[in-house]
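Open the model in your viewer and keep the selection panel at hand. The stops below go from the ligand to a helix pair and then to a single residue.

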Amino acid sequence: MQKSAAADAAAIPGIASPSRNSAIPAQARPADAAAISKIANQLRISSIRMTTAANSGHPGGSLSSADAFATLYFGGVLAHDPANPSWEGRDRFILSNGHICPVWYSALGKAGYFPESELATFRQLGSRLQGHPQKGTLPSIEVSTGSLGQGFCVAAGLALGLKMDGKASKVFVSLGDGEVEEGCVWEAAMASSHYKLENLIAFVDRNGLQQNGPTEKVMGIEPLADKWRAFGWNAIEADGHDARQILGAFNRAKTAAGGRPTVIIFKTVMGKGVPFMENDHQWHGKALPKEKAEEAVRILEKGA
Ligand SMILES: Cc1ncc(C[n+]2csc(CCOP(=O)(O)OP(=O)(O)O)c2C)c(N)n1
Ligand SMILES: [Mg+2]
């Protein structure tokens, strides 16, 4: 019989069984799949508004990841407390693909971490909502990110530290599919299975595109799930625009045992929800002009 990582940890002198130190705070009732899809479109709308107001930023990946973020924050996946962001028992979240912060900030604002009116300050001088997440601004930012690959490495280190301290908190980390071309991702992946970090849950926005075009043209990453498996990870593949599948994948990852970290590869569409943006890599890092943004919002409002 395979021992659980908790049992492994307990066997190491000085390492206790995982615990959160305090009860999980009461949270709003988790949204169901239909409600999650609506929230995802609201996050898409605010990502469009923020980037157009700033005339810069990254709407394409924000739109492809919106369903995953809506599920993580509103589907009862992440243990967190907007009223007490530094709650010690919280699950940690790191946005390793820091450039898609419009969708993350939108989720944080909606969850009550700060007034949603602050979203309008995105990318302005002195704003807490910088173009890439900056630690020390919003309390929910565990580490500054934006240099691709680095956030994932920090996530692995955080998961190791939490495991050594006997904490039950999970570490969730978001990655882009172009991002996994970074070499340090695979060093950290190797270390994570070596240290049996079953408390680490990575999810990849597999939208097939990166800054300069299709991933398979720039630097082929397939077979992606098999690569993670070869590095000792559980790999789950799911439709990243189907809230039911996303919820199922996150819940499987949360209950994974056997000392393997888990990666979820969400198959998605860059610019999802706005037909004239879909599957077009020019929207990786370019804001919509004002009239186009208004048109996009009108389309998205039908599903919000
Ligand atoms: C180390 C590093 N190299 C290059 C960049 C510039 N850069 C930012 S996002 C990006 C493309 C990433 O592609 P992907 O992860 O697929 O994100 P998506 O385009 O889908 O949002 C690049 C090259 C960076 N931020 N960090
Ligand atoms: Mg991509």
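Start with ligand 1: its shell holds four nonpolar, 13 polar and three charged residues. Here Ala, Val, Leu, Ile, Met, Phe, Trp, Tyr, Cys and Pro count as nonpolar, Asp, Glu, Lys and Arg as charged, and the others, Gly among them, as polar.

This is a predicted model: local features need pLDDT of at least 70, side-chain atom pairs count only at pLDDT 80 or more, and totals for chains, interfaces and linings use all residues. Residues are numbered from 1 along each chain as its sequence is written, while chains are lettered from A and ligands numbered from 1 in the order in which they are written.

Next, select Gly 61, Leu 148, Gly 176, Gly 178 and Gln 210. Of the 20 residues around ligand 1 (C-beta, placed from the backbone, within 6 Å), these five come nearest. Then colour α3 (59-74) and β4 (209-210): each gives the shell at least two residues. Helices (H or I, at least four residues) and strands (E, at least two) are DSSP runs, numbered from the N terminus.

Move to α2 (residues 33-54) and α10 (residues 290-301). They pack at about 170°, axes 9 Å apart. Axes are lines fitted to C-alpha atoms over the stretch in contact, and angles run from 0 to 180 degrees between N-to-C directions. So α2 is roughly antiparallel to α10 (over 145 degrees). The contact residues divide into six nonpolar, two polar and four charged.

Finish at Phe 74, in helix α3. Is it buried or exposed? Phe 74 counts as buried, because it has 25 C-beta neighbours inside 10 Å; the cut-off is 20 or more.

Note on methods: Parallel < 35°, antiparallel > 145°, perpendicular 65-115°, else oblique. Buried ≥ 20, exposed ≤ 12 C-beta atoms within 10 Å, placed from the backbone.
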